[in-house]
Amino acid sequence: MLWFPDKLLVVTVATKETDGYRRFLRTAKHFNYTVKVLGRGQKWKGGDYMSAPGGGQKVRLLNEGLKEMKDDHQIILFIDSYDVVFASGPKELLKKFQQAKHRVVFSSETLIWPDRHLEDKYPHVREGNRFLGSGGFIGYLPNIKELVANWTGDDGDSDQLFFTKIYTDQSKRVFIFGVLLKHLKSKCVFLIFQILKTSLIADPHLFVFPDDVVLKFEDHQVRVRNVLYDTLPVIIHGNGPTKLQINYLGNYIPNTWTFESGCTVCREDLRSLSALQVLIGIFIQQPTPFVTVFFERLLNLHYTVFRSITDCSLNSVIIYVLIYQCVFFFSDLCRRDQDCDYFFSLDIEVVLKNKDTLKILIEQNLPIVAPMITRAGRLWSNFWGALSGDGYYARSEDYVDIVQGRRVGVWNVPYVSNVYLVKAGLLQRELKDYELFSSSDPDMAFCHNIRNKGIFMYVTNMHTFGRILSTENYQTGHLHNDLWQIFENPVDWEERYIHENYTRIMKDKLIENPCPDVYWFPVFSSVACNHMIEEMEHYGKWSGGANVDNRIHGGYENVPTIDIHMTQINFEKDWQKFLVEYVVPITEKMFPGYYTKVRAHFELAFVVRYKPDEQPSLRPHHDASTFTVNIALNQVGLDYQGGGCRFLRYDCSIQAPRKGWALLHPGRLTHYHEGLPTTAGVRYIAVSFVDP
């Protein structure tokens, strides 16, 4: 006998609208299931399932709800909703139910719960799971009515135990289930239900992906395939300890994300941006580079922020507990302020490059959402796709594809950190607990508590948002410590210290040729120049300009200057890296066929100071180098008068050096040169002798 979809009614119990419930309804709507929800607005008294058996309230509500139903030909699917998704539609479900040839079919589990003493009473099975699962069953209306008619328990009693006792009573099983077999073949269950396999781990909220299911990508649809029984179940249930697994699968099933269409739901239920207020909490846990740039970017976010609080202090050396107090302080401010719509948590090491970050996150209209940020050149990001058995990072199957942008969307994940947006309504209702962040790791504690509350966390990689700084090896012994970040944070170092036009040098032909074989090009930003000067003056140990100089090989300088060597401030390796990355490419382009040895070694680099009353000029000389790099660190006419460089052989002078521009010229034989007098102020240049 063929059954039509209008004969099927999905019944579920949901006393409140959770994220999982909304996901369930979305998948039901996608396949046009008719859903009846019981218990809306009622207080849940059925326990939490994790610490003790419960669920009796569901049986009571089902029993009451069935009494008004009269069509004996109706088929009832009773299913949980907070942790269930549909993978296919009513026609396939009804066909598979018919194939089972039983009046009632329950989902099945590998473990018996809650009374293990009943194990011997279960009938044996040829294949499949032996034990009943109460989270989902399907059957004819008269049989379902009979199944729950004798419920007399309390709301906190175990629904699983109630159904188990019926099933293990052979006379009741025959009457209700229509099963009179010595050995029940239960593979048919996997045609309908897939209860994700339970792993015996300490924390029921941790993710251990089951080895019996895989995602199967079909044409514009995604299914779960049971590889043990080669089935495509219609209903996927992540009950109890497997909720993180269903969250992962829900990122794809039934068509949330497909290879053909990408994310199909990312533009649904978007929020208007009008008249919203956001509280930003900025957290500093350790010394962090580029703090000034962080606040410059923060002020440039395209959103009106009504309050920006940084009471955690910019002092890099602070007591760790003070940071927790700030977390409590920030979140509690938003919790107590009825005008607060969102709380934006932002760590100081986050580099937000996208000025629309806040607008994009708010528009998603999600309870907690983080912009995906990564560490430059690495797979590290601010989210975890899965959790290990001990609650720390584990790599999900899709993690690399998400981080590298091969899969783009909005992803339900078990952990976010560093930067995320929280709806104020969560703080004011579901998350009233002041212990949200209490742990040696506030992000770990926060996410653990969020998972326990059944609230979904998301990360979006639909836009490029920025990156996160490396802070592990940040040293604070200098005036401008960021100068020493070319190895740890090369992208940020470049943005801060390399001239804004450097990348256009070749494309826009910015290299000038003021004298024969002398090349002039922009390389340092104004900030880099200022920081170099200030760092040298802060160090303060300028040479006396004498010929005897123990800092160099041989101890004698033929043409001395008043200077400080890069080695004196422990900057030689960083300066060498700078030369390799930003000067060598220009050198090898301008002098084709020559390949510098600076990648392995360079001889000498220093900052020279010229003052009218100290050392105003430098007599004609050759440099002890194959080529020399001379970078002007301040501006003629503004910081000093006079100055410049004259190449005697060509009678060619550069008398107005531009701040941040480098002069590149041969050092020996052909380019005999002198430093022209500085007549007022102070002139600074950074000089490198390359390939001596």
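**Figure 1. Arg658 and Glu512 make a good place to begin.** Arg658 is partly exposed, with a relative accessible area of 30%. This is a predicted model, and in it Arg658 forms a salt bridge with Glu512, with 2.8 Å between the closest N and O atoms. Arg658 sits in the loop between strand S36 (652-654) and strand S37 (661-666), while Glu512 belongs to strand S28 (residues 512-515), so the pair ties together parts that are 146 residues apart in sequence. Glu512 is partly exposed too, with a relative accessible area of 30%. Elsewhere, salt bridges with shared partners link Arg297, Lys353, Arg467, Asp492 and Glu495 into one network.

**Figure 2. Glu363 reaches Arg267 in a salt bridge.** Here the N to O distance is 3.9 Å. Which parts of the chain does this pair connect? Glu363 lies in helix H11 (residues 357-364) and Arg267 in the loop between strand S14 (262-263) and strand S15 (278-283), so parts 96 residues apart in sequence are tied together. Glu363 is partly exposed, at 24% relative accessible area.

**Figure 3. Arg22 and Asp19 pair within one helix.** Both residues lie in helix H1 (residues 19-30), three residues apart, or about one turn of the helix. Their salt bridge brings the closest N and O atoms to 2.8 Å. Are the two partners buried or exposed? Asp19 is buried, with a relative accessible area of 12%, whereas Arg22 counts as partly exposed at 41% relative accessibility. If you would like to keep exploring such pairs, the structure holds 32 salt bridges.

**Figure 4. The largest nonpolar core has 51 residues.** Phe524, Met532, Trp575, Phe578, Ile631 and Leu633 are the residues with the most contacts inside this core. Several elements each supply at least two of its residues, including helix H15 (490-497), strand S29 (518-522), helix H16 (526-539) and strand S40 (683-690). Which helix gives the largest share? That is H17, with nine residues. Domain 2 (278-468) and domain 3 (481-690) both contribute residues to this core, so the core lies between them.

**Figure 5. Trp575 has many named neighbours to look for.** Leaving aside residues up to four places away in sequence, Trp575 touches Phe524, Met532, Met566, Phe602, Ala605, Ile631, Ala686 and Ser688. Apart from the largest core lies another core, of 48 residues, among them Ile236, Leu244, Tyr248 and Val422.

Key. Residues are numbered from 1 along each chain as its sequence is written. This is a predicted model: local features need pLDDT of at least 70, side-chain atom pairs count only at pLDDT 80 or more; totals for chains, interfaces and linings use all residues. Side-chain values use heavy atoms; hydrogens and water are left out. A salt bridge is a side-chain nitrogen of Lys or Arg within 4 Å of a carboxyl oxygen of Asp or Glu. Helices (H or I, at least four residues) and strands (E, at least two) are DSSP runs, numbered from the N terminus. Buried means under 20% relative accessible area, exposed over 50%, partly exposed in between (1.4 Å probe, protein chains only). A nonpolar core is a set of buried Ala, Val, Leu, Ile, Met, Phe, Trp, Tyr and Cys residues joined through side-chain atoms within 4.5 Å. Domain bounds come from an automatic or database domain assignment. Contact means heavy atoms within 4.5 Å.
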